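Here are some exercises to work through with the structure open beside you. Try each task before reading its solution.

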Amino acid sequence: MPHAVIPEIDNTLAVLSILDAPVQFNSIDADPQSIDIAYTLFISPNDDYSDVEKLLQNLTDTFSNQDLLNSLRLARNEKSKITILLKQIDAALTNKTTV
């Protein structure tokens with residue numbers, strides 16, 4: 001999962017991108033993949049890194065769920081459905097860890 005520490009931000013934030021067409025992604029620790037959904041985490045230096053590690057693991061686990069990914073793909077152009085899915089993701093992550 002792409003992530004970076006951004007010194008200029010006070011709070012960690014994430015961006016979910018659902019692409020119209022897949023792109024190739026080469027990570028340093030995995031084989032190249034075709035990506036159409038990307039969740040990027042921008043980490044505040046104010047956050048405890050052990051909490052960030054837990055969050056990254058929970059996000060990885062959450063976005064490994066093919067049903068969730070398919071739901072996001074189907075809802076791609078429907079803001080209200082995306083909002084519902086994001087709230088469900090946020091609630092699930094909040095129950096696992098806090099950052």
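A residue counts as buried under 20% relative accessible area, as exposed over 50%, and as partly exposed in between. Keep these cut-offs at hand, and bear in mind that this is a predicted model.

**Exercise 1. Classify Ala14 and find its contacts.**

Solution. Start by locating the residue: Ala14 lies in strand β2. Next, take its relative accessibility, which is 35%. Because 35% falls between the two cut-offs, Ala14 counts as partly exposed. Now look for its partners, leaving aside neighbours within four places in sequence: Ala14 is in contact with Tyr39, Thr40 and Leu41. Finally, try a distance across the model: Ala14 and Arg73 are 59 residues apart along the chain, and their C-alpha atoms are separated by 18 Å.

**Exercise 2. Work out the strand order of the sheet and the direction of each pairing.**

Solution. Begin with the order: 3 strands form an open sheet, arranged β1-β3-β2, with mixed pairing. The edges are β1 (3-5) and β2 (13-25), each of which pairs on one side only. On average, neighbouring strands of this sheet are turned by 20° against each other, direction ignored.

Then take the pairings one at a time. Strands β1 and β3 (residues 33-43) run parallel and are joined by 3 bridges. In this pair, Val5 stands opposite Ile43. Strands β2 and β3 run antiparallel, with 9 bridges between them. Here Gln24 stands opposite Ser34.

**Exercise 3. Find which strands helix α1 touches, then check its length and its buried side.**

Solution. Helix α1 (residues 49-62) packs on the sheet, where it touches β1 and β3. The direction of α1 makes about 155° with that of β3.

For the length, allow 1.5 Å a residue: the 14 residues of α1 should span 20 Å. The end C-alpha atoms of α1 are 19 Å apart, so the two values agree.

For the buried side, list the residues of α1 that are buried: Val52, Leu55, Leu56, Asn58, Leu59 and Thr62. These cover an arc of only 165° around the axis, so they sit on the same side of α1. A general rule helps here: an α-helix has 3.6 residues a turn, so residues three or four places apart point the same way.

**Exercise 4. Sort residues of helix α2 by the side they are on.**

Solution. The buried residues of α2 are Leu68, Leu69 and Leu72. Their arc around the axis is only 100°, which puts them on the same side of α2. On the other side of α2, Asp67 and Leu74 are exposed.

**Exercise 5. Describe the largest nonpolar core and the elements that build it.**

Solution. First, the size: the largest nonpolar core has 17 residues. Next, the residues with the most contacts inside this core are Leu41, Leu59, Phe63, Leu68, Leu72, Leu85 and Ile89. Then the contributors: β3, α1, α2 and α3 (79-96) each give two or more residues to this core. This fits a general tendency: in soluble globular proteins, nonpolar side chains tend to be buried together.

To follow one core residue, pick Ile89. Setting aside neighbours within four places in sequence, Ile89 is in contact with Thr62, Phe63 and Leu68.

**Exercise 6. Compare your readings for Pro2 and Lys81 with the cut-offs.**

Solution. Pro2 is found in the segment before β1. At 33% relative accessibility, Pro2 counts as partly exposed. Not counting residues up to four places away in sequence, Pro2 touches Phe25, Tyr39, Thr40 and Leu41. Pro2 and Leu56 are 54 residues apart along the chain, with their C-alpha atoms separated by 9.6 Å.

Lys81 belongs to helix α3. Its relative accessibility of 44% makes Lys81 partly exposed. The C-alpha atoms of Lys81 and Ser71, 10 residues apart along the chain, are separated by 9.0 Å.

Terms used:
Residues numbered from 1 in each chain as written. Predicted model: local features only at pLDDT ≥ 70, side-chain atom pairs only at ≥ 80, totals over all residues. Heavy atoms only, no water. Pairing = 2+ DSSP bridges. Helix = DSSP H or I, 4+ residues; strand = E, 2+ residues; numbered from the N terminus. Axes fitted to C-alpha atoms, helices over the stretch in contact; angles between N-to-C directions. Contact = heavy atoms within 4.5 Å. Core = buried A, V, L, I, M, F, W, Y, C linked by side-chain atoms within 4.5 Å. Buried < 20%, exposed > 50% of the residue type's maximum accessible area, 1.4 Å probe, protein only. Expected span 1.5 Å × (residues − 1). Arc of directions from axis to C-beta.
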